[in-house]
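Let's take a walk through this fold, going from one helix pairing to the next and ending at the aromatic rings. Have the model open as you read.

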Amino acid sequence: KKRLEDLKRNIKAKHYHVTFEPIFDENSRILILGTFPSVKSREQDFYYAHPRNRFWNILSKLTQEPLPVTKEEKIELLLRNRIALWDVIESCEITGSSDSSIRNVVPAKLERVLCVPQIENIYANGTAAKRLYDRYQREQTGREIIGLPSTSPANAAWNLERLLKAWNCIICE
């Protein structure tokens, strides 16, 4: 039965390579890492594009800034608040948006962002991002990552209020 499930998953899985770049500048102080862009994000060529993902809502509330709508507004919000954003994975096989289906990983070259001397802390958006960072990145970077609960709509156990409390640490440091 497990073999049949693996075969079905592999039939649906496709190999994707992310084409959008990390967001950061010389003033970035923290780095937030996701796993790999969702289907909606890949379609819109930008981070956390699913309308029910709470990432932008959380950052807006934590920074006390208006909710960004456009790609440009989102980039400006990140840079104004010294936040860098990227994913742990550059390419992989994935079925839909399911982190649990990720296979054949090519890690992102995080040194592009971590060379910024201001980066103090790295945060994972969800347990899968933390697990993948620990597996593929930690040895190369020599840096720990702080796990935060996922902002994905699939993480229904965490309402917005709980997420805000957990994510508050990125602003307080």
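Start with α3 and α4, which are oblique to each other, because their angle falls in none of the ranges that count as roughly parallel, roughly antiparallel or roughly perpendicular. The angle in question is about 45°, and the two axes are 11 Å apart. Keep in mind that what you're looking at is a predicted model. As for handedness, α3 passes α4 in a left-handed crossing. On the α3 side, the contact is made by Trp-56, Leu-59, Ser-60 and Thr-63, and α4 (residues 71-80) brings Lys-74, Leu-77 and Leu-78. Sorted by character, the residues where α3 meets α4 come out as 4 nonpolar, 2 polar and 1 charged.

Now stay on α3 and look at another of its partners, helix α8, which covers residues 160-167. Here the axes come within 10 Å and cross at roughly 60°. That makes this pair oblique too, since 60° is over 35 but short of the 65 where roughly perpendicular begins. The crossing of α3 past α8 is right-handed, whereas the one past α4 is left-handed. From α3, the contact uses Phe-55, Asn-57, Ile-58, Lys-61 and Leu-62, and these meet Leu-160, Leu-163, Leu-164 and Trp-167 of α8. This set divides into 7 nonpolar residues, 1 polar and 1 charged.

So much for the helix partners; next comes the sheet. Its 4 strands form an open sheet in the order β3-β2-β6-β7, paired in parallel. At the edges sit β3 (83-87) and β7 (146-148), each pairing on one side only. Going from one strand to the next, the twist averages 25°. α3, spanning residues 55-63, packs on this sheet and touches β2, β3 and β6. Its direction makes about 165° with that of β3. In the middle of the strand order, β2 (residues 30-34) and β6 (residues 121-125) pair in the parallel sense over 4 bridges. To find your place there, look for Leu-33, which stands opposite Ala-124 in β6.

Last stop, the aromatic rings: how many aromatic pairs does a search of the whole structure find? The count is 6. One of the aromatic pairs is formed by Phe-20 and Tyr-47, whose centres are 4.8 Å apart with 90° between the planes, an edge-to-face arrangement. Phe-20 lies in the loop between β1 (14-17) and β2, while Tyr-47 lies in the loop between α2 (39-44) and α3, so the pair ties together parts that are 27 residues apart in sequence.

Terms used
Residues are numbered from 1 along each chain as its sequence is written. This is a predicted model: local features need pLDDT of at least 70, side-chain atom pairs count only at pLDDT 80 or more; totals for chains, interfaces and linings use all residues. Side-chain values use heavy atoms; hydrogens and water are left out. Two strands pair if DSSP finds at least two bridges between them. Helices (H or I, at least four residues) and strands (E, at least two) are DSSP runs, numbered from the N terminus. Axes are lines fitted to C-alpha atoms, for helices over the stretch in contact, and angles run from 0 to 180 degrees between N-to-C directions. Contact means heavy atoms within 4.5 Å. Angles under 35 degrees count as roughly parallel, over 145 as roughly antiparallel, 65 to 115 as roughly perpendicular and the rest as oblique. A crossing is left-handed if the near helix is turned anticlockwise from the far one by less than a right angle, and right-handed if clockwise. Ala, Val, Leu, Ile, Met, Phe, Trp, Tyr, Cys and Pro count as nonpolar, Asp, Glu, Lys and Arg as charged, and the others, Gly among them, as polar. Rings of Phe, Tyr and Trp (its six-membered ring) pair if their centres lie within 6.5 Å; planes under 30 degrees apart count as stacked, over 60 as edge-to-face and the rest as tilted.
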